[in-house]
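Trainee: I would like a close look at one part of this model, followed by whatever surrounds it. Please go slowly and say what each term means.

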Amino acid sequence: MKKLIAFCLAMLLCLSVFAACDTGKGNEETTAGKEETTAGKEETTAGKEETTTGKEETTTEGTEETTTEETTTPGSAYDVEAAAAFLDAQYKNADTITPVDYEVFGQVMVGLDKYMVSWTTDSDKVTAVEGSPKWTIQVDELSLETVNYKIIGTITAPDGTTATVSYDRVVPKFEVTSFEDYMAAEEGTSVTVAGIVVGINAKSAGNTRNHLFLADVDGKGGYYCYQLEQDPLEEGVALGMTVAVTAPVTPYNGMQETKGGGFVIIDETIKEVSVHDITDKFAAGEDLWNYVGLVVTIKGVTIGAQELEKDTSQYLWFAIGEKTGYVRTYVTDFPTTLKAEDKSTIDEAHAANFGNTADATGILIFYGTQPYLIPVSTDCFSNYQVVTKTDAEKVEAEKEAVSVNDRITEDTTITLPSVGQYYDDVTITWTVDNEAYTITDGKLVIALGEEQATLKLTATITCGEVAETKEFELKIDAAATDIYVAKPVTTPEADTAYKFFLVQGNLGQTLYLTGEVSGRYLVTTDKAAQAVDVYAEAVEGGFKFYILVDDAKQYITVYNNADNKLSVKFDAEGTSVYAYNATVNAWVTNMDGTDYYLGTYNTYNTVSASKLSYITAENTGVSQFPAGVGSFELATEKEEHVCEFADATCTSPKTCACGKTEGEALGHNIVENVCQNCGAKVVTVTEAAALEDGTLVLINATVSKITYNWSDSSKNMSVDITDGTTTLNAYKLGSKVGAGDVIIVYGKVGSYKDNKQIVDATAEVVTAHTCTEFTDATCDAPKTCTVCGATEGEALGHNYVDGICDRDGCGAEKPASTTYTFADYEAGEQYAAGEVHKLDDNVTVTTTDCHFTTQLRLYYSEVNDWNPNGRNGVAVFAMTSAVKSLSLNAGEKAGPMAVYGSTDGETWTLITTIDVTSTYTDYNVELGETAYTFIKLAATEKQVRVASITIELA
């Protein structure tokens, strides 16, 4: 089996085009902190290229030659020409460079007719392998020479009419980029790096993304290969193997790394993972960039403080002299050598040794100029040496550690620590300078008053005879008494005071700039009356925004600080120019060729700068919250809002900014195929494909495929629409429709990568699709609608007679054993009780306190105060005949799993208890002589995950 995962970023683009018409899969969307990809961007248009029947047509674009030939039958009822044109639209502009295997369509739908496609190649080094509904073109990923070849597709109509298409392709020569060239490569340059695997992140192991950390095969440095397209564990990668990764160079905060792409295993031999001692270089502040991605050790570090925030990044600091670093215990980024529960072991050992010395070991990464380590074992701190601290040193450490939130924006109770964070013999007492606030039982209760207040809080830190004080100044907001109504402005005027604001949906607050800065961020308040005035200055390319401090302009500026971390500040220079982006309703500035927007994300309440690529129409207002410029009118709670209605349109009634509507939409007034109200043209899909971008159209069409499913958050979906001749994509359609529905689409003609589409569209369903034409059920598949793909009933299942299925057209042999991979089945509900899943005609599994997803997850919870009964995940497999043999592939969440057998489903016998390891492993179960027809799996101490089960029946 090939160990290929994916091998070239260019190929990924090609595959995404192929996938745009893959029935039932739609488009994939990935949201991760560093990069977000919007689903549905690959749009295709069928019917754009015309093919003339009975002659050969050749088109040359760059190095690619496309040839289309048809053989027609007089009087044929099928349009093989349209099928060829559709196929040509998918592949004529696809990437010609094919370093990995890829898929091509094995069938094409034109209207309701299915055309089969078979593929061949003109090279003995490239093979076309038949599949359904796609064929696979297999190439040699490790080819030592460039292979130029052609793929030839033959389209066959139901009546035998045929046409052919062909495309020139190239398998590139396998070449590895030297470490020196990799380090010197500019952003976006595609490289192929080869190295020994020293660390693995894999989604199948619970990581948020797929990463590989590699040691250069020539020993010159390390590689951090970020966000790979495929899962390393699923492709058989193990520590010590040698792999080659092909991806673009994507520097991040000063660190060279690759992002995306894929890899191939080039040597399965397990080599020792070296640990590099960088103690002297770290202490001297020398360049450590070559060590990124390698396992390193720094000896004799002093254990520092901890920054532990629930569910977010977590840091364990250490230092040598003035040089600091940290171990990051972010469990979803733990390599596969660690489990989530190992975090507490690491944290507790670090906290217990505050002030002592130890050796720190892990994979070296940088954030800006700050180095940090990703742990590879629970011994990331080892060789502890106790350092005796004086009372004064303990007091100084606790004085540095103690902190209090200095900005109070709502009624709150602050619990004040009474003992040190690191030393139990350090005591802390508190006093407050304002009689309106008191400390009772170590708690400071604050209720907002009518006016803002300032409170001085003093901590006295004592150990033995040594005592020090530390003062905190708390700024307390006034309680909100006024209500302000925001009116966003996209073209601000000079010398007009505005407020810079954002709606933080996850906090349920509208936040405003205060004119203050906290570290790298701008401070906000939820009191509009306390917001600072912001002014706009028109300049070339947009606007600069500023506040006035002692009548001097202080501009809102995006910059990289001394640690190369993206930051926002107020300064007199004003280097940031902002332009309004209407797609995501954000103010955007460009710095060093990258666009950034101002706003916040997740549950943060400060204004920061983030890459524009992080925000999309789908996540705006959900996880990303852009800031805007607005004017505010003061209203009182007693004043009633008076609606000001915008005029009705063809599709919308009169509407107020508050959302209230009045009356009804005007509806379209069609005269000679043109709406007299909005100017939309009534056209067919074919006619729309020939119109200029921006033309408003009304199209009566059939939904041929759902390319992006309906999203309740973004309120849109993407679909292909057809008139039987031409297919266009309606991108981000603001109406929910189904495959096969006859609809009227109202929108604009647009283009994406030279392919026409319909954008800014809504739809009205004229005739909802009803499934009437089904393919017959087979042994493996139920009846299936030929239009929308919906199924009815169940698959017939095999009917074995003397070991051979006797159903017409099958003839399958009864397998000696069957492997049931849970990823192949529809997912169930989490924690469901008695949920039934039919694996096939012979095996059914019923799950309780499990999650039947891509794996069978057996949950376990111990008995405690909140869960007095505990919980054991149980899965019961029921078979039609006795089990001859049984094996399981389990792992990832380590723990014991009990296996029981039964002949009646009521009385159970413990067969064995499997001690599941941390990686997916096959476990054979010895069944003995009992003819068990029921098997039960149960977690007994920890959650256990099972990827597949192999059962042989008698």
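How many bridges join β20 to strand β21, and do the two run parallel or antiparallel?

Mentor: Six bridges join β20 to β21 (residues 323-328), and the two strands run antiparallel. Two strands count as paired if DSSP finds at least two bridges between them. Strands (E, at least two residues) and helices (H or I, at least four) are DSSP runs, numbered from the N terminus.

Before going on, note that this is a predicted model, in which local features need pLDDT of at least 70 and side-chain atom pairs count only at pLDDT 80 or more, while totals for chains, interfaces and linings use all residues. Residues are numbered from 1 along each chain as its sequence is written, and side-chain values use heavy atoms, leaving out hydrogens and water.

β20 covers residues 314-320, and five of its seven residues are buried. Buried means under 20% relative accessible area, exposed means over 50%, and partly exposed is in between (1.4 Å probe, protein chains only). The link from β20 to β21 is a hairpin with two residues between the strands. Gly 321, in that turn, has a positive phi of about 60°. β20 has a second antiparallel partner in β19 (residues 295-308), joined to it by five bridges. Ala 319 shows both pairings: in β20 it is the bridge partner of Thr 302, and it also stands opposite Thr 324 in β21. As background, the side chains in a regular strand alternate between the two faces of the sheet.

A helix packs on this region. The buried residues of helix α5 (residues 342-352) are Asp 342, Lys 343, Ile 346, Asp 347 and His 350. They lie on the same side of α5 because they cover an arc of only 135° around the axis; the arc is that of the directions from the helix axis to the C-beta atoms. β19, β20 and β24 (381-385) are among the elements covering these buried residues. The face of α5 turned away from its buried side carries the exposed residues Glu 348 and Ala 352. The general background is that an α-helix has 3.6 residues a turn, so residues three or four places apart point the same way.

Next along the chain comes Gly 362, in strand β22 (residues 357-367). Gly 362 is buried, with a relative accessible area of 0%. Leaving aside neighbours within four places in sequence, Gly 362 is in contact (heavy atoms within 4.5 Å) with Leu 294, Val 295, Val 296, Leu 373 and Ile 374. Val 295 falls in the residue range of β19. The C-alpha atoms of Gly 362 and Asp 379 are 9.3 Å apart, with their positions 17 residues apart along the chain.

Helix α6 (residues 391-401) can be read in the manner of α5. The buried residues of α6 are Lys 394, Val 395, Ala 397 and Glu 398. Seen down the axis, they fall within an arc of 165°, so they line one face of the helix. They pack against β30 (453-463) and β31 (466-476).

For comparison, here is a sheet elsewhere. β57, β58 and β59 form an open antiparallel sheet in that order. Its edge strands, β57 (774-775) and β59 (791-792), each pair on one side only. Two bridges join β58 (residues 783-785) to β59, and Thr 784 has Thr 791 in β59 as its bridge partner. In addition, the charged end of Lys 783 sits over the ring of Phe 774, 5.2 Å from its centre. That label requires NZ of Lys or CZ of Arg within 6 Å of the ring centre and within 35 degrees of the ring normal.

Finally, the chain as a whole. The protein chain has seven helices and 75 strands, and buried residues make up 46% of its 954 residues. Among its contacts between residues at least 6 apart in sequence, 59% join residues at least 24 apart. A search of the whole structure finds zero disulfides, a disulfide being a pair of cysteine sulfur atoms within 2.5 Å. Cys 225 is buried at 0% relative accessible area, and Cys 850 counts as buried at 1%.
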